[in-house]
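User: Hello! I would like to learn how to read a structure like the one shown here. Could you walk me through it step by step?

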Amino acid sequence: MADAVLPIALVQMTAGRTIQPNVETACHWIRRAAEDGARFVLTPETTHLMELKRDRVLAVSHEEANDPGLAAFTALAGELGIWLLVGSLIIRIGPERLANRSFLIGPDGTVRARYDKIHLFDVTLASGESYRESALYAPGDRAVVAPTDFAPLGLSVCYDVRFPALYRSLAQAGAEILTVPAAFTRPTGEAHWHTLLRARAIETGSFVLAPAQTGEHETGRATYGHSLVVSPWGEVLADGGTEPGLVRAELDLSAVAATRARIPSLRHDRPFAAPDPVADTTVADEPDGEATP
């Protein structure tokens, strides 16, 4: 680890339905962040495409090898000499199949790690309305901890944040910073966003960095914003509010070891027998609102 204090920036944006303008907007903020001294910059989930219609998203998405957003972001990270987490891009992996894929890009402009969102939002509501993220997106099947020259990163995306076992496994594998790029809708954001992110930080003694989409999108969807930087003790160090722009912070990386020494719960797991299952009597009546656009 070269420096004890790491200057970072989260990009908060309102992505639309056309890839190139979204890429240009993200690159503008990434460049501004680097000019301000950030060594690590993060963008939200679905950075270059916010699209709800199945036929359109399939028509405009690209395979990783020829995705214009990924090409632009790798070139920019190399030019600026920064670490860049592209929160996620919608990547075509088959004729009718997509991945919601996060990319960590190094200062040399190469992709250092990839992570496909594991937890997909599938639900049938009491009204009969159905959400089936898995009908279009393939779930990831591997948790990822990526080395950097400042700290190991544990990667995740949006709805993953409701599954604490994932974050515990990342921290126990060495992650000191957890990334949670997201596109939370306003109702669930207002109810749960801050609490979930603070909980993941506290449970693991890790920094949590959560760049978010915000505002009214062309699709009619409204996202919550409030990109957050949370300390290993669960303190909110920075909150992006609801306007597009940059959220800056400096991370004292020594806080991870200090926090884990105070509460060493990551070393205190014990085996236990699972309880006998009971009948599920719950009925969903509201969408969670965190499905991929």
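## Reading the sheets, the core and the rings

Analyst: Let's begin with a hairpin: strands E3 and E4 form one, with two residues between them. Keep in mind that this is a predicted model. Eight bridges hold E3 (residues 83–94) to E4, and the two strands run antiparallel. One example to look up is leucine 89, whose bridge partner in E4 is arginine 101.

User: Which strand forms a hairpin with E4 and has glycine 109 in the turn?

Analyst: That is E5, with five residues between E4 and E5. Glycine 109, in the turn, has a positive phi of about 85°. E4 and E5 (residues 111–116) pair in the antiparallel sense over five bridges. Arginine 101 appears here too, since its bridge partner in E5 is aspartate 116.

User: How many residues of strand E4 are buried?

Analyst: Eight of the nine residues of E4 (residues 97–105) are buried, so the strand is largely enclosed by the rest of the structure.

User: In what order do the strands of this sheet run, from E5 onwards?

Analyst: To read a sheet, follow the pairing from one edge to the other. Here six strands form an open sheet in the order E5-E4-E3-E2-E1-E16, with mixed pairing. E5 and E16 (245–252) are the edge strands, each pairing on one side only. From one strand to the next, the twist averages 30°. The pairing of E2 with E3 is parallel, with three bridges; in it, leucine 42 has leucine 85 of E3 as its bridge partner.

User: Which helix lies across E3, E4 and E5?

Analyst: It is H3 (residues 68–80), running at about 160° to E3.

User: What is the order of the sheet that contains E14 and E15?

Analyst: That open sheet has six strands in the order E8-E9-E10-E11-E14-E15, and its pairing is mixed. Strands E8 (145–146) and E15 (236–239) stand at the edges with a single partner strand each, so one side of each has no neighbour in the sheet. Helix H5 (residues 186–204) packs on this sheet, touching E10 (177–179), E11 (207–210), E14 and E15, and its direction makes about 30° with that of E14. E14 (residues 228–230) and E15 run antiparallel and are joined by three bridges.

User: Is leucine 228, in strand E14, buried or exposed?

Analyst: To judge burial, look at relative accessibility: under 20% counts as buried. Leucine 228 has 0% relative accessibility, so it counts as buried. Its bridge partner in E15 is aspartate 239. Leaving out residues up to four places away in sequence, leucine 228 touches several residues, including Leu10, Trp193, Leu197, Val208 and Val236. Leucine 228 and tryptophan 193 are 35 residues apart in sequence, with their C-alpha atoms 9.3 Å apart in space.

User: Where does serine 231 lie, and which residues is it in contact with beyond its neighbours within four places in sequence?

Analyst: Serine 231 is in the loop between E14 and E15. Its contacts, apart from those neighbours, are Ala201, Ser206, Phe207 and Leu237. Its relative accessibility is 4%, so serine 231 counts as buried.

User: What joins the side chains of threonine 43 and threonine 47?

Analyst: A polar contact of 2.8 Å joins them. Threonine 43 lies in the loop between E2 (40–42) and helix H2 (54–60), and at 0% relative accessibility it counts as buried. Beyond neighbours within four places in sequence, threonine 43 is in contact with residues that include Val11, Ile30, Leu84 and Pro211.

User: How many aromatic pairs does a search of the whole structure find?

Analyst: There are five. When reading a ring pair, check the distance between centres and the angle between planes. Phenylalanine 40 and phenylalanine 150 form a tilted pair, 5.2 Å centre to centre with 40° between the planes. This pair links distant parts of the chain, 110 residues apart: phenylalanine 40 is in E2, and phenylalanine 150 is in the loop between E8 and E9 (153–155). Both phenylalanine 40 and phenylalanine 150 are buried. Tyrosine 159 and phenylalanine 163 have ring centres 5.4 Å apart and planes at 85°, so that pair is edge-to-face.

User: Which residue lies over the face of tryptophan 233?

Analyst: Arginine 262 does, at 3.9 Å from the ring centre.

Technical notes: Residues numbered from 1 in each chain as written. Predicted model: local features only at pLDDT ≥ 70, side-chain atom pairs only at ≥ 80, totals over all residues. Heavy atoms only, no water. Pairing = 2+ DSSP bridges. Helix = DSSP H or I, 4+ residues; strand = E, 2+ residues; numbered from the N terminus. Contact = heavy atoms within 4.5 Å. Axes fitted to C-alpha atoms, helices over the stretch in contact; angles between N-to-C directions. Buried < 20%, exposed > 50% of the residue type's maximum accessible area, 1.4 Å probe, protein only. Polar contact = N/O pair within 3.5 Å; in protein donor to acceptor, adjacent residues only side chain to side chain. Phe/Tyr/Trp six-rings, centres within 6.5 Å; stacked < 30°, edge-to-face > 60°. Lys NZ or Arg CZ within 6 Å of the ring centre and 35° of its normal.
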